[in-house]
Amino acid sequence: MTDIKTPKDNIILVPMDFSDSSMNAVYYGVEMANFFDSEITLLHVLSTGMLSNIFTNDSQIALLRDSVRNKLEEVKADILVKWPNVRVNTKVEEGKPFKVINKVAKDGKVDTIVMGTNGANGVEQFTGSTTTRVLKSSPIPVIVVKEKRTSPKFDKIVLPIDLTKTSKQKIDWAVKLGKKYNSTIHIIMELESDEHIEKKVNANLNQAETIFTRHGVKFESHLLDDMQYPDHLGMDAIKYAEEINADLIMIMTKSESAKITDLFVGSFAEQVVNSSQKTPVMCINPKPTGALTTGGSGFY
């Protein structure tokens, strides 16, 4: 059995544009860093497209860069007043925002990206945003927050499981978080009336339970019936998370067989990211089938 290994230094990356949603992400990220004794990096990306359209010379761009850097330092100073022990870094970069975010995350050995998203409702307020592009391409988990959170603990993690192999890859991350933060994983699956599908559901559920038991991770299993949870698994996951006051919902962002141009496959991930108002959502991109997943649970 492969042990779950956690990095010695956890680094949280928070891309920000000084909007309310990004400041909510900063607040959540700092609370996480303080609670989990992590380091946090605040990143602002100057879009090259915007710079070329608005500014005519390098001196103007330099002034803007200095202004942004000063704003970041002001945010850092405000953070250190309330959380003096948190290690805060600031960075100003130029380029396509989602590409720069992923590069900074890779070069800085970032453990988690925390991002805000605009809009309270609807896919139209989310599609096309930098957050969407990061979710689609990031090799590390991205936590999406909308509301200002005051308790970024991972005591209760909701783990929706369907019948796809990519869905099972979330188990490794759930093991990693569960071991590190002593979480309780709430495994939820839809109760099926079809006997053949029900057997597959039970098989996947038993397999997940075996892995959590093997690693000493606390868990609860719940089959959601249509009477109390009549919607699709995505919306039902949100409802369940709100009922138990969960700290996190974990989802896969797309099917491993999806084309790179696809945003999400099916309605599940799309519904969760866009509809979850209170519960932060951790989004994980799938690795190819057959590869050991990040947590190293040896599922395959």
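A nonpolar core here is a set of buried Ala, Val, Leu, Ile, Met, Phe, Trp, Tyr and Cys residues joined through side-chain atoms within 4.5 Å. Keep that in mind for this structure, which is a predicted model.

**The chain as a whole**

The protein chain has ten helices and ten strands. It runs to 300 residues, and 50% of them count as buried. Its accessible surface is about 14400 Å², with 50% of that belonging to carbon and sulfur atoms. As for who touches whom, take the contacts between residues at least 6 apart in sequence: 78% of them join residues at least 24 apart.

**Two cores**

In soluble globular proteins, nonpolar side chains tend to be buried together. In this chain the largest nonpolar core has 49 residues, and the members that touch the most other members are Ile40, Leu42, Val114, Ile143, Phe154, Phe212 and Met250. Helix H1 is the top contributor to this core, giving eight residues. A separate core of 34 residues lies apart from it, with Val100, Tyr229, Ala237 and Ile244 among its members.

What does phenylalanine 212 touch, once residues up to four places away in sequence are left out? The list is Leu159, Ile171, Ala174, Val175, Ile185, Ile187, Val217 and Phe219.

**Empty space inside**

Rolling a probe the size of a water molecule over the atoms shows where empty space is left. Two cavities of 30 Å³ or more turn up in this structure. The largest cavity has a volume of about 130 Å³. It is lined by 16 residues, and Asp111, Thr112, Phe154, Leu177 and Tyr181 are the closest to its centre. Phe154 also appears in the largest nonpolar core, as one of the residues that touch the most other members.

Which elements give two or more residues to the lining of the largest cavity? They are helix H1 (20-36) and helix H7 (170-181). H7 gives the most, with five residues. By class, this lining has ten nonpolar, three polar and three charged residues.

The second largest cavity comes in at about 50 Å³. Twelve residues line it, and those closest to its centre are Val144, Val145, Lys146, Ser276 and Thr279. Its lining divides into five nonpolar, three polar and four charged residues.

**Three loop residues**

Most residues other than glycine have a negative phi. Aspartate 37 goes the other way, with a positive phi near 55°, and asparagine 245 likewise has a positive phi of about 55° without being a glycine. Are these two buried or exposed? Exposed is over 50% relative accessible area, so aspartate 37 qualifies at 60%, and asparagine 245 does too at 59%.

Aspartate 225 is another loop residue, located between strand E8 (218-224) and H9. Its relative accessible area is 27%, and because partly exposed covers the range between 20% and 50%, that is the class it gets. Aspartate 225 and leucine 191 are 34 residues apart in sequence, yet their C-alpha atoms are 5.2 Å apart in space.

Here are the three side by side:

| Residue | Loop between | Relative accessible area |
|---|---|---|
| Aspartate 37 | H1 and strand E2 (39-47) | 60%, exposed |
| Asparagine 245 | helix H9 (233-243) and strand E9 (248-252) | 59%, exposed |
| Aspartate 225 | strand E8 (218-224) and H9 | 27%, partly exposed |

Notes. Residues are numbered from 1 along each chain as its sequence is written. This is a predicted model: local features need pLDDT of at least 70, side-chain atom pairs count only at pLDDT 80 or more; totals for chains, interfaces and linings use all residues. Side-chain values use heavy atoms; hydrogens and water are left out. Helices (H or I, at least four residues) and strands (E, at least two) are DSSP runs, numbered from the N terminus. Buried means under 20% relative accessible area, exposed over 50%, partly exposed in between (1.4 Å probe, protein chains only). Contact means heavy atoms within 4.5 Å. Accessible areas come from the Shrake-Rupley method with a 1.4 Å probe; for residues, only the protein chains shown count as cover. On a 1 Å grid over the protein atoms alone, a cavity is a set of points where a 1.4 Å probe fits but cannot get out, and a pocket is an open set with protein on both sides within 12 Å along at least five of seven lines; lining residues have an atom within 4 Å of a point. Grid points are joined across faces, edges and corners, and a volume is the space filled by probe spheres set on the points. Ala, Val, Leu, Ile, Met, Phe, Trp, Tyr, Cys and Pro count as nonpolar, Asp, Glu, Lys and Arg as charged, and the others, Gly among them, as polar.
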